[in-house]
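Below are my notes on the model you sent, as numbered points. They start with the conventions and the overall fold, then go through one helix pair and several single residues.

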Amino acid sequence: MLLLAGANDMAVAANQVSDEAQHLHREMLVLDSHLDTPARLDDPAWSILDRHTVADNGSQVDLPRMIEGGLDGGFWVAFTPQGPLEAAGYAHARKHAMDRLTAIGRMVAGSEGRLALAEHTNDASMLAEGGKMLVYRSMENAYPLGEDVGALEQFRDLGVRMLGLVHMANNQFADSANDPAGPRWHGLSPAGRALIAEANRLGIVVDLSHASDEAFDQAIALSSAPILLSHSGCRDVFDRPRNIDDARIQRLAASGGVIQVSSIYMTRLPPDPARDAAVAKLLAKFGSDIGPDRQTEFDADRAALNARFPVPRPTFDDFMDNLLHALRLVGARHVGVGVDWDGGSDVDGFADVTMLPKVTERLMAAGYSRADIEDIWGGNLLRVVREAERQTRGNKQ
């Protein structure tokens, strides 16, 4: 994300976690709901099979580190940056999203049997018991659908089981929490309302991370299946529009939904007029619509800005404050983990997936039971996926 400094530390989680916590962590199905690692598949020099380090190339997820950190998989994201709301932009975005989904398939095929594609909740236990790491697929940003809500079925047939409606700018379906222009639709557009119904019909989980408060409220009222926030923080812990307030978290839980707590937007920046001017210049250069063809250039400019104006990094305690706040608010049945690995996470003491057992240890110390921790690490996420599946005509359970 724009205001995050580059990660540059690495530690070995096993040296920081008790044997009891390590043992419990290994016995659980540990899933993350938002893995941005597929963005790295465009780099021919990067392989999921190799062990990388944060210091070397910023990478936070690969097979060796998943094994070390006890991560069994989760939702791997086909992310498309927001572009212009016009036919050419839609066509470009659709190709980008399909190419990314194809790349995820190639990653699995080339994983020497360690990764496996998953589509239904029943796949989780079956594949995990067979020693496979799970690859559910999601789309972040519905922009590639263009103006055709029916196109979602094509993506469902390609394996997509979760759909994030919007990203950093308003699109044709919903308002973003981040768009500096303010609301366009005051929530969902008419097409966005139709898209919620279509996702319900197809058994696809609706993800409201990045959506505006009004879009969240309307989606909760419209959806016949529970809503997920795949990577969101608690606004009452840190006040940012991208985070979600306590009242809405409670409404989410009351409707059967789950917040998967993220590790971004946790640290308040000190005043710095020079940095503010540099950020304004960057935004003026790229605008709110950063298409796929400009993403590399934007990332380079952002990295240079962050190197010139380093900002305080959040700590593992900050992450746990968010997670424990959500747990105290709505209980262990409505909270999970979606760190935003490879998509913006930069936490001191929580550098990559090898450090996931630290979360289990902290949850144990806070008094949560084994059953609670199992729900937090994957049970709740799979329950929302199962409830979405139940909406489909041919998949009643």
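1. Conventions. Helices (H or I, at least four residues) and strands (E, at least two) are DSSP runs, numbered from the N terminus. This is a predicted model, in which local features need pLDDT of at least 70 and side-chain atom pairs count only at pLDDT 80 or more, while totals for chains, interfaces and linings use all residues. Residues are numbered from 1 along each chain as its sequence is written, and side-chain values use heavy atoms, with hydrogens and water left out.

2. Overall fold. The protein chain has 14 helices and nine strands. Its radius of gyration, taken over C-alpha atoms, is 19 Å, close to the 21 Å that the globule rule (2.2 Å times the number of residues to the power 0.38) gives for 397 residues, so the chain is as compact as a globular protein of that length. The C-alpha trace spans about 55 × 55 × 45 Å along its principal axes.

3. Burial and contacts across the chain. Of the 397 residues, 57% are buried; buried means under 20% relative accessible area, exposed over 50%, and partly exposed in between (1.4 Å probe, protein chains only). The chain exposes about 15,200 Å², and carbon and sulfur atoms supply 51% of that area. Accessible areas come from the Shrake-Rupley method with a 1.4 Å probe; for residues, only the protein chains shown count as cover. Contact means heavy atoms within 4.5 Å. Among contacts between residues at least 6 apart in sequence, 72% join residues at least 24 apart.

4. Helices α13 and α14. The axes of α13 (residues 357-365) and α14 (residues 370-389) come within 10 Å and cross at roughly 145°. Here axes are lines fitted to C-alpha atoms, for helices over the stretch in contact, and angles run from 0 to 180 degrees between N-to-C directions. The crossing is right-handed, a term for the near helix being turned clockwise from the far one by less than a right angle, with anticlockwise giving left-handed. On the α13 side the contact is made by Val359, Thr360, Leu363 and Met364, and on the α14 side by Ile373, Ile376 and Trp377. By class, six of these residues are nonpolar, one is polar and none is charged. In this classification Ala, Val, Leu, Ile, Met, Phe, Trp, Tyr, Cys and Pro count as nonpolar, Asp, Glu, Lys and Arg as charged, and the others, Gly among them, as polar.

5. Leucine 324. This residue is found in helix α12 (residues 316-330). At 18% relative accessibility, leucine 324 counts as buried. Leaving aside neighbours within four places in sequence, leucine 324 is in contact with Leu363, Ala366 and Tyr368. For leucine 324 and leucine 363, the C-alpha to C-alpha distance is 8.2 Å, with their positions 39 residues apart in sequence.

6. Glutamate 361. Also in α13 is glutamate 361, which is partly exposed with a relative accessible area of 25%. Which residues does glutamate 361 contact, leaving aside its neighbours within four places in sequence? They are Gln16, Val17, Ser18 and Ala21. Histidine 25 is 336 residues from glutamate 361 in sequence but 8.4 Å away in space, C-alpha to C-alpha.

7. Positive phi. Most residues other than glycine have a negative phi. Two residues to check in this respect are glutamate 112, with phi near 60°, and tyrosine 265, with phi of about 55°. Glutamate 112 sits in the loop between α4 (87-109) and β3 (115-117) and is exposed at 67% relative accessibility. Tyrosine 265 sits in the loop between β8 (258-261) and α10 (273-286) and is buried, with a relative accessible area of 10%.

8. Leucine 49. The loop between β1 (32-35) and α2 (54-57) holds leucine 49, partly exposed at 29% relative accessibility. Not counting residues up to four places away in sequence, leucine 49 touches Leu63, Pro64, Gly110, Ser111 and Glu112. The last of these, Glu112, is one of the positive-phi residues of point 7.

9. Serine 255. In the loop between α9 (246-254) and β8, serine 255 is partly exposed, with a relative accessible area of 35%. Beyond neighbours within four places in sequence, serine 255 is in contact with Ile220 and Pro226.
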